[in-house]
Amino acid sequence: MTDKTILRALGGETLPTPPIWMMRQAGRYLPEYRATRAQAGDFLSLCYTPDLAAEVTLQPIRRYGFDGAILFADILLVPQALGADLWFVTGEGPRLSTLTDQAGFDALLPADAIHDHLAPIYETVRILSGELPAETTLIGFAGAPWTVATYMIAGRGTPDQGPAHALKAENRPLFEALLDRITEATIEYLSAQADAGAEVVKIFDSWAGSLQGQDFQKYAVDPARRITAALKERHPGLPVIAFPRGAGEEYVGLHKAIGADCIALDDGVSPEWAAENVQTGGCVQGNLKSSHMVTGGDDLVRETRRVVDALSNGPHIFNLGHGITPDADPQNVQLMIDTIRGG
Ligand code: CP3
(Lines give C-alpha, C1' and ligand atoms only; values in the text may rest on other atoms or scores of the structure.)
Protein backbone atom coordinates (compact mmCIF):
# COMPACT_ATOMS: atom_id res chain seq x y z
CA MET A 1 0.00 0.00 0.00
CA THR A 2 1.35 3.39 -0.98
CA ASP A 3 0.59 6.90 0.33
CA LYS A 4 0.83 8.25 -3.18
CA THR A 5 -2.76 8.97 -4.16
CA ILE A 6 -2.03 9.10 -7.88
CA LEU A 7 -0.56 5.58 -7.78
CA ARG A 8 -3.58 4.40 -5.79
CA ALA A 9 -6.02 5.84 -8.35
CA LEU A 10 -3.97 4.30 -11.16
CA GLY A 11 -4.23 0.99 -9.34
CA GLY A 12 -8.03 1.24 -9.59
CA GLU A 13 -8.96 2.73 -6.19
CA THR A 14 -11.88 5.12 -5.91
CA LEU A 15 -10.67 7.79 -3.48
CA PRO A 16 -12.91 10.15 -1.44
CA THR A 17 -11.02 13.13 -2.92
CA PRO A 18 -9.36 12.74 -6.31
CA PRO A 19 -5.63 13.43 -6.54
CA ILE A 20 -4.79 16.57 -8.51
CA TRP A 21 -2.20 17.77 -10.98
CA MET A 22 -2.36 20.01 -14.06
CA MET A 23 -0.91 19.74 -17.53
CA ARG A 24 1.69 22.53 -18.00
CA GLN A 25 1.59 23.16 -14.25
CA ALA A 26 5.18 24.44 -14.51
CA GLY A 27 4.66 27.25 -16.98
CA ARG A 28 4.48 30.88 -17.87
CA TYR A 29 1.41 31.70 -15.72
CA LEU A 30 3.76 31.41 -12.69
CA PRO A 31 6.12 34.34 -11.95
CA GLU A 32 8.68 31.96 -10.42
CA TYR A 33 8.74 29.94 -13.68
CA ARG A 34 9.31 33.10 -15.74
CA ALA A 35 12.21 34.06 -13.45
CA THR A 36 13.93 30.66 -13.75
CA ARG A 37 13.34 30.58 -17.51
CA ALA A 38 15.02 34.01 -17.76
CA GLN A 39 17.93 32.68 -15.72
CA ALA A 40 18.27 29.73 -18.14
CA GLY A 41 18.19 32.10 -21.12
CA ASP A 42 15.70 30.21 -23.25
CA PHE A 43 13.25 27.34 -23.15
CA LEU A 44 15.55 24.61 -24.52
CA SER A 45 18.41 25.58 -22.18
CA LEU A 46 15.91 25.27 -19.34
CA CYS A 47 14.98 21.75 -20.52
CA TYR A 48 18.63 20.69 -20.77
CA THR A 49 19.87 22.17 -17.45
CA PRO A 50 18.89 19.52 -14.86
CA ASP A 51 19.09 21.76 -11.77
CA LEU A 52 16.86 24.40 -13.33
CA ALA A 53 14.47 21.91 -14.95
CA ALA A 54 14.09 20.21 -11.55
CA GLU A 55 13.54 23.62 -9.92
CA VAL A 56 10.65 24.58 -12.24
CA THR A 57 9.13 21.10 -11.82
CA LEU A 58 9.14 21.64 -8.04
CA GLN A 59 7.74 25.20 -8.10
CA PRO A 60 4.06 24.25 -8.54
CA ILE A 61 4.46 21.48 -5.94
CA ARG A 62 5.73 24.01 -3.37
CA ARG A 63 3.09 26.59 -4.24
CA TYR A 64 0.05 24.29 -4.45
CA GLY A 65 0.93 20.86 -3.08
CA PHE A 66 -0.16 19.03 -6.21
CA ASP A 67 -0.27 15.23 -5.86
CA GLY A 68 1.78 14.76 -9.02
CA ALA A 69 4.89 16.41 -10.44
CA ILE A 70 5.44 16.16 -14.20
CA LEU A 71 9.01 16.17 -15.42
CA PHE A 72 9.84 19.49 -17.07
CA ALA A 73 10.87 18.78 -20.67
CA ASP A 74 9.17 18.76 -24.08
CA ILE A 75 7.85 16.14 -26.50
CA LEU A 76 10.09 17.57 -29.24
CA LEU A 77 13.34 16.60 -27.52
CA VAL A 78 12.97 13.08 -28.99
CA PRO A 79 13.06 14.23 -32.64
CA GLN A 80 16.01 16.41 -31.72
CA ALA A 81 17.78 13.39 -30.22
CA LEU A 82 17.05 11.49 -33.46
CA GLY A 83 18.93 14.23 -35.35
CA ALA A 84 16.30 16.86 -36.26
CA ASP A 85 17.13 20.54 -35.78
CA LEU A 86 14.88 22.14 -33.17
CA TRP A 87 14.43 25.70 -32.03
CA PHE A 88 11.67 27.78 -30.43
CA VAL A 89 10.49 31.12 -31.80
CA THR A 90 9.30 33.27 -28.89
CA GLY A 91 5.58 33.96 -29.12
CA GLU A 92 5.14 31.48 -31.99
CA GLY A 93 6.25 28.01 -30.91
CA PRO A 94 8.52 25.23 -32.09
CA ARG A 95 10.36 24.98 -35.41
CA LEU A 96 12.12 21.85 -36.72
CA SER A 97 13.89 20.80 -39.86
CA THR A 98 11.23 19.15 -42.08
CA LEU A 99 11.23 15.45 -42.93
CA THR A 100 9.42 14.72 -46.18
CA ASP A 101 11.52 12.21 -48.13
CA GLN A 102 13.57 9.03 -47.86
CA ALA A 103 16.85 10.99 -47.57
CA GLY A 104 15.47 12.82 -44.55
CA PHE A 105 14.45 9.55 -42.96
CA ASP A 106 17.83 7.90 -43.73
CA ALA A 107 19.59 10.74 -41.90
CA LEU A 108 17.82 9.89 -38.61
CA LEU A 109 19.76 8.10 -35.88
CA PRO A 110 18.73 4.65 -34.68
CA ALA A 111 16.35 4.63 -31.70
CA ASP A 112 18.92 3.38 -29.19
CA ALA A 113 21.31 6.23 -30.08
CA ILE A 114 19.16 8.90 -28.36
CA HIS A 115 20.43 8.45 -24.81
CA ASP A 116 23.58 10.61 -24.92
CA HIS A 117 21.57 13.57 -26.12
CA LEU A 118 18.82 12.97 -23.54
CA ALA A 119 21.11 12.26 -20.57
CA PRO A 120 20.36 15.67 -18.96
CA ILE A 121 16.64 14.78 -18.92
CA TYR A 122 17.35 11.52 -17.09
CA GLU A 123 19.46 13.51 -14.64
CA THR A 124 16.49 15.85 -14.00
CA VAL A 125 14.35 12.78 -13.21
CA ARG A 126 17.01 11.50 -10.78
CA ILE A 127 17.18 14.85 -8.98
CA LEU A 128 13.38 15.00 -8.69
CA SER A 129 13.13 11.48 -7.48
CA GLY A 130 15.33 12.48 -4.52
CA GLU A 131 13.69 15.84 -3.79
CA LEU A 132 9.94 15.36 -4.14
CA PRO A 133 7.81 15.01 -1.00
CA ALA A 134 7.03 11.37 -0.15
CA GLU A 135 3.36 11.71 -1.13
CA THR A 136 4.03 13.24 -4.57
CA THR A 137 4.10 11.00 -7.66
CA LEU A 138 6.75 11.68 -10.30
CA ILE A 139 5.30 11.55 -13.81
CA GLY A 140 7.51 11.10 -16.87
CA PHE A 141 6.21 11.64 -20.39
CA ALA A 142 6.78 11.56 -24.11
CA GLY A 143 4.83 12.55 -27.20
CA ALA A 144 2.95 9.83 -29.05
CA PRO A 145 4.46 8.84 -32.41
CA TRP A 146 1.70 10.42 -34.54
CA THR A 147 1.84 13.77 -32.72
CA VAL A 148 5.65 13.87 -32.80
CA ALA A 149 5.59 12.93 -36.51
CA THR A 150 3.23 15.82 -37.31
CA TYR A 151 5.87 18.25 -36.02
CA MET A 152 8.79 16.43 -37.71
CA ILE A 153 7.04 16.37 -41.10
CA ALA A 154 5.71 19.95 -41.07
CA GLY A 155 8.61 21.49 -39.17
CA ARG A 156 6.12 23.27 -36.90
CA GLY A 157 2.70 23.06 -35.31
CA THR A 158 -0.15 22.97 -37.85
CA PRO A 159 -3.87 23.57 -37.30
CA ASP A 160 -4.97 20.46 -39.25
CA GLN A 161 -1.78 18.34 -39.42
CA GLY A 162 -2.05 18.74 -43.21
CA PRO A 163 1.56 17.93 -44.14
CA ALA A 164 1.54 14.71 -42.07
CA HIS A 165 -1.77 13.60 -43.62
CA ALA A 166 -0.33 14.39 -47.07
CA LEU A 167 2.79 12.28 -46.50
CA LYS A 168 0.60 9.45 -45.17
CA ALA A 169 -1.44 9.58 -48.42
CA GLU A 170 1.53 9.98 -50.79
CA ASN A 171 4.19 7.73 -49.28
CA ARG A 172 2.65 5.44 -46.68
CA PRO A 173 5.73 3.17 -46.32
CA LEU A 174 7.92 6.17 -45.46
CA PHE A 175 5.26 7.56 -43.10
CA GLU A 176 4.97 4.20 -41.34
CA ALA A 177 8.76 3.79 -41.12
CA LEU A 178 8.91 7.20 -39.43
CA LEU A 179 6.19 6.24 -36.94
CA ASP A 180 8.06 3.00 -36.19
CA ARG A 181 11.31 4.85 -35.53
CA ILE A 182 9.58 7.29 -33.19
CA THR A 183 7.79 4.39 -31.45
CA GLU A 184 11.11 2.60 -30.80
CA ALA A 185 12.78 5.82 -29.61
CA THR A 186 9.82 6.54 -27.30
CA ILE A 187 10.12 3.10 -25.70
CA GLU A 188 13.83 3.77 -25.13
CA TYR A 189 13.20 7.24 -23.76
CA LEU A 190 10.37 6.33 -21.36
CA SER A 191 12.20 3.23 -20.22
CA ALA A 192 15.24 5.36 -19.31
CA GLN A 193 12.95 7.78 -17.43
CA ALA A 194 11.55 4.84 -15.45
CA ASP A 195 15.10 3.66 -14.68
CA ALA A 196 15.91 7.16 -13.43
CA GLY A 197 12.89 7.25 -11.08
CA ALA A 198 9.73 8.13 -13.02
CA GLU A 199 6.84 6.32 -11.27
CA VAL A 200 4.25 6.74 -14.03
CA VAL A 201 4.59 7.68 -17.68
CA LYS A 202 2.15 9.58 -19.84
CA ILE A 203 1.93 9.46 -23.64
CA PHE A 204 0.69 12.77 -25.13
CA ASP A 205 -1.13 12.32 -28.44
CA SER A 206 -2.27 15.92 -28.81
CA TRP A 207 -3.36 15.51 -32.44
CA ALA A 208 -4.96 12.05 -32.23
CA GLY A 209 -8.31 13.73 -32.97
CA SER A 210 -7.37 14.35 -36.60
CA LEU A 211 -6.98 10.60 -37.29
CA GLN A 212 -10.20 9.06 -38.59
CA GLY A 213 -11.47 5.46 -38.57
CA GLN A 214 -8.79 2.91 -39.47
CA ASP A 215 -6.10 5.58 -39.22
CA PHE A 216 -7.00 6.21 -35.58
CA GLN A 217 -6.56 2.52 -34.85
CA LYS A 218 -3.30 2.13 -36.80
CA TYR A 219 -1.55 5.38 -35.94
CA ALA A 220 -2.92 6.35 -32.50
CA VAL A 221 -4.00 3.12 -30.77
CA ASP A 222 -1.43 0.63 -32.15
CA PRO A 223 1.72 2.68 -31.37
CA ALA A 224 0.42 3.49 -27.87
CA ARG A 225 -0.28 -0.20 -27.29
CA ARG A 226 3.20 -1.14 -28.52
CA ILE A 227 4.86 1.41 -26.26
CA THR A 228 2.75 0.38 -23.26
CA ALA A 229 3.42 -3.34 -23.76
CA ALA A 230 7.18 -2.85 -24.15
CA LEU A 231 7.36 -0.64 -21.05
CA LYS A 232 5.36 -3.07 -18.93
CA GLU A 233 7.63 -5.88 -20.03
CA ARG A 234 10.75 -3.94 -19.07
CA HIS A 235 9.25 -2.37 -15.93
CA PRO A 236 6.58 -4.66 -14.49
CA GLY A 237 3.93 -2.63 -12.67
CA LEU A 238 4.82 0.71 -14.27
CA PRO A 239 1.50 2.54 -14.78
CA VAL A 240 0.85 4.20 -18.14
CA ILE A 241 -1.50 7.11 -18.85
CA ALA A 242 -2.55 7.57 -22.48
CA PHE A 243 -3.87 10.94 -23.71
CA PRO A 244 -5.33 10.67 -27.19
CA ARG A 245 -6.66 14.22 -27.25
CA GLY A 246 -9.78 14.76 -29.33
CA ALA A 247 -10.62 11.04 -29.49
CA GLY A 248 -14.34 11.75 -28.91
CA GLU A 249 -16.40 8.57 -29.33
CA GLU A 250 -13.15 6.65 -29.82
CA TYR A 251 -12.44 7.06 -26.09
CA VAL A 252 -14.76 4.09 -25.52
CA GLY A 253 -12.79 0.87 -24.98
CA LEU A 254 -9.36 2.52 -25.07
CA HIS A 255 -8.12 1.20 -21.68
CA LYS A 256 -8.30 -2.29 -23.11
CA ALA A 257 -7.23 -1.47 -26.66
CA ILE A 258 -4.06 0.32 -25.47
CA GLY A 259 -3.47 -1.65 -22.28
CA ALA A 260 -3.18 1.66 -20.39
CA ASP A 261 -3.94 2.06 -16.67
CA CYS A 262 -5.54 5.44 -17.23
CA ILE A 263 -7.10 7.30 -20.13
CA ALA A 264 -6.77 11.09 -20.00
CA LEU A 265 -9.81 13.01 -21.23
CA ASP A 266 -9.82 16.33 -23.02
CA ASP A 267 -12.69 18.76 -22.46
CA GLY A 268 -14.44 17.78 -25.69
CA VAL A 269 -16.32 15.06 -23.79
CA SER A 270 -18.59 15.67 -20.80
CA PRO A 271 -17.56 14.14 -17.47
CA GLU A 272 -21.01 12.53 -17.18
CA TRP A 273 -20.59 10.80 -20.55
CA ALA A 274 -17.05 9.76 -19.63
CA ALA A 275 -18.25 8.25 -16.32
CA GLU A 276 -20.70 6.05 -18.19
CA ASN A 277 -18.63 5.18 -21.24
CA VAL A 278 -14.93 5.39 -20.38
CA GLN A 279 -14.44 5.15 -16.60
CA THR A 280 -16.11 1.73 -16.70
CA GLY A 281 -12.80 0.56 -18.27
CA GLY A 282 -10.55 1.96 -15.52
CA CYS A 283 -9.04 5.16 -14.13
CA VAL A 284 -9.68 8.39 -16.00
CA GLN A 285 -7.90 11.73 -15.77
CA GLY A 286 -9.33 15.14 -16.52
CA ASN A 287 -11.09 17.20 -17.64
CA LEU A 288 -11.90 20.76 -16.53
CA LYS A 289 -11.70 23.35 -19.33
CA SER A 290 -8.40 25.21 -18.89
CA SER A 291 -10.15 28.52 -19.70
CA HIS A 292 -11.58 28.44 -16.13
CA MET A 293 -8.03 29.13 -14.90
CA VAL A 294 -8.31 32.46 -16.74
CA THR A 295 -11.91 33.38 -15.92
CA GLY A 296 -12.24 31.97 -12.36
CA GLY A 297 -15.24 32.85 -10.19
CA ASP A 298 -18.47 30.91 -9.63
CA ASP A 299 -18.19 29.17 -13.01
CA LEU A 300 -14.85 27.67 -12.01
CA VAL A 301 -16.26 26.42 -8.69
CA ARG A 302 -19.40 24.99 -10.30
CA GLU A 303 -17.58 23.24 -13.16
CA THR A 304 -14.84 21.89 -10.87
CA ARG A 305 -17.51 20.33 -8.61
CA ARG A 306 -19.27 18.98 -11.66
CA VAL A 307 -16.14 17.11 -12.87
CA VAL A 308 -15.43 15.77 -9.37
CA ASP A 309 -19.04 14.64 -8.78
CA ALA A 310 -19.51 13.07 -12.20
CA LEU A 311 -16.36 10.96 -11.85
CA SER A 312 -16.66 10.21 -8.11
CA ASN A 313 -17.90 6.62 -8.51
CA GLY A 314 -14.66 5.26 -9.97
CA PRO A 315 -10.92 5.88 -10.08
CA HIS A 316 -10.24 9.49 -11.08
CA ILE A 317 -7.25 11.83 -11.22
CA PHE A 318 -8.34 15.45 -11.45
CA ASN A 319 -6.70 17.47 -14.24
CA LEU A 320 -7.54 20.03 -16.89
CA GLY A 321 -8.65 18.98 -20.36
CA HIS A 322 -5.50 20.57 -21.85
CA GLY A 323 -2.51 22.55 -20.60
CA ILE A 324 -2.97 25.65 -18.46
CA THR A 325 -2.37 28.77 -20.54
CA PRO A 326 0.09 31.64 -19.88
CA ASP A 327 -2.76 34.10 -19.23
CA ALA A 328 -4.15 32.00 -16.32
CA ASP A 329 -4.40 33.58 -12.87
CA PRO A 330 -2.43 31.62 -10.22
CA GLN A 331 -5.21 32.40 -7.69
CA ASN A 332 -7.74 30.55 -9.83
CA VAL A 333 -5.59 27.42 -9.57
CA GLN A 334 -5.76 27.74 -5.78
CA LEU A 335 -9.54 28.20 -5.96
CA MET A 336 -9.83 25.00 -8.03
CA ILE A 337 -7.73 23.06 -5.50
CA ASP A 338 -9.68 24.45 -2.51
CA THR A 339 -12.93 23.50 -4.24
CA ILE A 340 -11.77 19.91 -4.71
CA ARG A 341 -10.12 19.42 -1.31
CA GLY A 342 -12.39 21.60 0.77
CA GLY A 343 -15.61 20.04 -0.52
O1 CP3 B 1 3.08 19.73 -18.50
C2 CP3 B 1 4.16 20.15 -18.02
O3 CP3 B 1 4.20 21.07 -17.17
C4 CP3 B 1 5.45 19.42 -18.37
C5 CP3 B 1 6.24 19.95 -19.40
C6 CP3 B 1 5.68 19.95 -20.82
C7 CP3 B 1 5.96 20.98 -21.74
N8 CP3 B 1 5.48 20.60 -22.95
C9 CP3 B 1 6.70 22.20 -21.43
C10 CP3 B 1 6.56 23.36 -22.35
C11 CP3 B 1 4.94 18.98 -21.49
C12 CP3 B 1 4.31 17.70 -20.97
C13 CP3 B 1 4.83 19.40 -22.85
C14 CP3 B 1 4.14 18.61 -23.87
C15 CP3 B 1 4.04 19.15 -25.24
N16 CP3 B 1 4.94 19.94 -25.92
C17 CP3 B 1 2.99 18.82 -26.11
C18 CP3 B 1 1.86 17.87 -25.80
C19 CP3 B 1 0.81 18.48 -24.94
C20 CP3 B 1 0.07 19.62 -25.60
O21 CP3 B 1 0.23 20.76 -25.13
O22 CP3 B 1 -0.69 19.36 -26.55
C23 CP3 B 1 3.24 19.49 -27.33
C24 CP3 B 1 2.37 19.47 -28.56
C25 CP3 B 1 4.48 20.18 -27.18
C26 CP3 B 1 5.21 20.98 -28.21
C27 CP3 B 1 5.32 22.40 -27.80
N28 CP3 B 1 6.15 22.86 -26.79
C29 CP3 B 1 4.61 23.50 -28.31
C30 CP3 B 1 3.58 23.45 -29.41
C31 CP3 B 1 5.06 24.63 -27.60
C32 CP3 B 1 4.69 26.08 -27.85
C33 CP3 B 1 3.33 26.37 -27.36
C34 CP3 B 1 3.41 27.19 -26.10
O35 CP3 B 1 2.67 26.90 -25.16
O36 CP3 B 1 4.19 28.15 -26.09
C37 CP3 B 1 5.98 24.19 -26.63
C38 CP3 B 1 6.70 25.03 -25.63
C39 CP3 B 1 6.56 24.63 -24.20
N40 CP3 B 1 6.65 23.35 -23.72
C41 CP3 B 1 6.40 25.52 -23.11
C42 CP3 B 1 6.41 24.73 -21.94
C43 CP3 B 1 6.32 25.20 -20.51
C44 CP3 B 1 6.34 27.03 -23.19
C45 CP3 B 1 7.74 27.46 -23.48
C46 CP3 B 1 8.17 28.74 -22.84
O47 CP3 B 1 8.42 28.78 -21.61
O48 CP3 B 1 8.32 29.68 -23.59
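Two strands count as paired if DSSP finds at least two bridges between them. Helices (H or I, at least four residues) and strands (E, at least two) are DSSP runs, numbered from the N terminus. The model shown is predicted, so local features are restricted to pLDDT of at least 70 and side-chain atom pairs to pLDDT 80 or more, while totals for chains, interfaces and linings use all residues. Residue numbers start from 1 along each chain as its sequence is written, and side-chain values use heavy atoms, with hydrogens and water left out.

**View A. Strand β5 and its two neighbours in the sheet.** Strands β5 and β6 (residues 240-244) are parallel and share five bridges. Within this pair, I203 stands opposite A242 of β6. The connection from β5 to β6 passes through helix α11 (residues 214-234) as a right-handed β-α-β crossover; right-handed here means that, with the strands pointing away from the viewer, the path from the first strand over the helix to the second runs clockwise. Strand β4 (residues 137-143) is also parallel to β5 (residues 200-205), and five bridges join them. Bridge partners across β4 and β5 include I139 with V200 and G140 with V201.

**View B. Side chains of β5.** V200, K202 and F204 point one way from the strand, V201, I203 and D205 point the other way, and all are buried (under 20% relative accessible area, with exposed over 50% and partly exposed in between; 1.4 Å probe, protein chains only). Because six of the six residues of β5 are buried, the strand is largely enclosed by the rest of the structure.

**View C. The whole sheet and helix α10.** Seven strands form an open sheet in the order β1-β4-β5-β6-β7-β8-β9, with parallel pairing. Its edge strands, each paired on one side only, are β1 (68-70) and β9 (316-320). From one strand to the next the twist averages 25°. Helix α10 (residues 172-196) packs on the sheet, touches β4 and β5, and has a direction at about 165° to that of β4. Angles run from 0 to 180 degrees between N-to-C directions, and axes are lines fitted to C-alpha atoms, for helices over the stretch in contact. Contact means heavy atoms within 4.5 Å.

**View D. Packing of helices α2 and α4.** Helix α2 (residues 31-40) packs against helix α4 (residues 50-64) at an angle of about 170°, and their axes are 10 Å apart. The two are therefore roughly antiparallel (over 145 degrees; under 35 is roughly parallel, 65 to 115 roughly perpendicular and the rest oblique). P31, E32, Y33, T36, Q39 and A40 of α2 meet L52, E55, V56, Q59 and R63 of α4. These contact residues comprise five nonpolar, three polar and three charged. Ala, Val, Leu, Ile, Met, Phe, Trp, Tyr, Cys and Pro count as nonpolar, Asp, Glu, Lys and Arg as charged, and the others, Gly among them, as polar.

**View E. Surroundings of P79.** P79 lies in helix α5 (residues 77-81). With 0% relative accessibility, P79 counts as buried. Leaving aside residues up to four places away in sequence, P79 touches A84, L96, V148 and M152.

**View F. The hairpin of β2 and β3.** Strands β2 (residues 86-89) and β3 (residues 93-96) run antiparallel and are joined by four bridges. V89 has G93 as its bridge partner in β3. Three residues lie between the strands of this hairpin, where G91 takes a positive phi near 85°.
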